[in-house]
Amino acid sequence: MKVLRMTINPFDKKSKIRKEIFSNFSEHLGRCVYDGIYVGKDSEVPNIEGFRKDVIEAFRQIKLPVLRWPGGCFADEYHWTDGIGELSERKKMINTNWGGVVEDNSFGTHEFMRLCELVGCEPYISGNVGSGTVEELAKWIEYITFDGVSPMADLRRKNGRDKPWKLKYLGIGNESWGCGGSMTPEFYCDNYRRYATFCREYSGNKLFKIACGPNSDDYNWTDVCMKNIGAWGMQGLSLHYYTVPTGNWDHKGSATEFSEEEYYETISRTRFMDTLLTRHGGIMDRYDPMHKVGLIVDEWGTWYDVEPGTNPGFLYQQNTMRDAVVAAVNLDIFNAHSDRVYMANIAQAVNVLQAILLTEGGVTVKTPTYHVFDLYKEHQDAELIYSHIENETEGGVPCISQSASTTENGAVTITLSNCSLDRTFGIDVGTAFGEIAAASGRILTGEVHEKNDFEHPENVVIKPLDVKTENGNAFVELPPCSVAAIALTLK
Ligand code: AHR
């Protein structure tokens, strides 16, 4: 077994790993919101006010910080007034983006804000710029956040909510270069400035406005947004990048049946996130050296062909240990760029793309990706510290990915993943100052095709990991295809 040396320096603090990096996304798409999160009060599925009980508990367990809603592409065709008031009077619409199904608007603003209250997470609302109006978005903010007397605040009260909610994260358009309006960056920026002007900060509510950023490596889009909007009018700029194993959107590949070659290709393509953050971040540095504007990676994850026999418009896919490694690699990349990445939202929360949860009837399954979020939760709001590992490569990609962070009380968390499919590595962790006095670990591992399904919901779960401490160092064995979290106590 090859032993790799890893060095950490808890006194070399880099940047805060904002907890928002571990956020999620829920769109009116397939069975994400309906079935996945919301079943209605009369459902036989155990629920709290219509929200699946097990889903709320699962979100709480990983300390979900932010949930983005209602889209995605859906957001730019969503008219919020259709989703308020008496259920029986809510307008029905066709979800033109996703499967052409009927959207009955039974999950609207009140339901989303209540869900966030129950989970204890911050809401992130994506406003309709593509097919909406400035007035419509302005009134939505007024409806949600205004405490005084006004037509929208009065309407909210009439609909059963006296006190306003707090709303921090507001997206002004989604993928405005594509499904959100096919705009040029210049046209979008002009629109952004107009919309943002009328999104008022009522009753002490502070908005964190997020402009629609680039699609993957469209560096010109970032440049134009930074030049034409900049720190003047936005706090965040979004970035969307999906990992498509084949790189071919017509044949993306199966979620569960893939070759070794396709696996390493997936890891290689997911590592492109690092290049994207470096290059977009570099452009942002030119206009915003003080890092006032955060990069908000509000859509990321694997995108495969849908599960055979499911609605192609529903984007339902299974999730294996490959996805767990993809999640770990991405989260480590976000941590490494946490001086610029202020939030990241994996797509999506339930039953869509790289979902953390899958549901069928009354059963909810935690995917391998979910468990990675569980392993990484100690990084939330901790300080990224220096770490370096002697690495090996396999299939053209580095085998080990890592992050290290420390909290105010001096606790250190290390996350490590081994993407090699056949090599176990020993990791010898040493600290630049002091000694490691005690250590404990947890690990997720399995053959790369292993998954959790409705027959075997606990096939892949987190287990304890043996960590030895000797002569001030810590030592672990990382089996092939594994993700681990190690807690260190230093002296
Ligand atoms: O997450 C699925 C879709 O991917 C979103 O609706 C859209 O924003 C992106 O293209």
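# Notebook: cavities, ligand, disulfide, pocket

I began with the second largest cavity, where β25 gives the largest share of the lining, 3 residues. Worth jotting down at once: I am working on a predicted model. The volume of this second largest cavity comes out at about 30 Å³. I listed its lining as I414, I427, V429, V467, A474, F475, V476, I486 and L488. Sorted by class, that lining is 9 nonpolar residues, with no polar and no charged ones. I then checked which strands contribute: β21 (425-431), β25 (473-478) and β26 (482-490) each put in at least two residues.

**Entry: the other cavity**

How many cavities of 30 Å³ or more are there? I get 2. The largest cavity holds about 50 Å³ of space. I find 14 residues in its lining, and R68, G173, N174, S238 and D298 lie nearest the centre. The classes here are mixed: 5 nonpolar, 6 polar and 3 charged residues. For the strands, I noted that β8 (122-127), β9, β10 (208-211) and β11 (236-243) each supply at least two lining residues.

**Entry: the ligand**

Next I looked up the ligand. Which of the 13 residues around the ligand come nearest? My list reads E27, C73, E175, Y242 and E299. By class I sorted the shell into 7 nonpolar, 3 polar and 3 charged residues.

I then went through polar atom pairs between side chains and ligand oxygens. For E27, a side-chain N or O atom sits 2.7 Å from an oxygen atom of the ligand. For Y242, the distance from a side-chain N or O atom to a ligand oxygen is 2.8 Å. N174 also has a polar side-chain atom 3.1 Å from an oxygen of the ligand. On its own the ligand has 280 Å² of accessible area, and I find that the protein covers 94% of that. I flagged N174 for a second reason, since this residue is also among those nearest the centre of the largest cavity.

**Entry: the disulfide**

C73 came up in the ligand shell, so I followed this cysteine further. What does C73 pair with in a disulfide? The partner is C179, with an S to S distance of 2.2 Å. The two cysteines sit 106 residues apart, and the pair links distant parts of the chain. I placed C73 in the loop between β5 (66-69) and β6 (93-95), and C179 in the loop between β9 (169-172) and α5 (185-198). Is the link of C73 and C179 left-handed or right-handed? I read -90 degrees about the S-S bond, which is left-handed. The structure holds 1 disulfide, so my search stopped there.

**Entry: the largest pocket**

Last lookup of the session. I get a volume of about 400 Å³ for the largest pocket. Its lining has 17 residues, and Y38, K41, R90, H110 and E111 are the closest to the centre. Which element gives the largest share of this lining? I find that helix α2 (residues 109-119) does, with 3 residues. In classes, I counted 4 nonpolar, 5 polar and 8 charged residues in the pocket lining.

**Entry: side by side**

I put the class counts next to each other before closing the notebook. The second largest cavity has no charged residue in its lining, while the largest cavity has 3 and the largest pocket has 8.

Technical notes. Residues numbered from 1 in each chain as written. Predicted model: local features only at pLDDT ≥ 70, side-chain atom pairs only at ≥ 80, totals over all residues. Heavy atoms only, no water. 1 Å grid on protein atoms, 1.4 Å probe; cavity = no way out; pocket = protein on both sides within 12 Å on 5 of 7 lines; lining within 4 Å. Points joined across faces, edges and corners; volume = space filled by probe spheres on them. Helix = DSSP H or I, 4+ residues; strand = E, 2+ residues; numbered from the N terminus. Nonpolar A, V, L, I, M, F, W, Y, C, P; charged D, E, K, R; others polar. Near = heavy atom within 4 Å. Polar contact = N/O pair within 3.5 Å; in protein donor to acceptor, adjacent residues only side chain to side chain. Areas by Shrake-Rupley, 256 points an atom, 1.4 Å probe, with all protein chains shown as cover. Disulfide = S-S within 2.5 Å.
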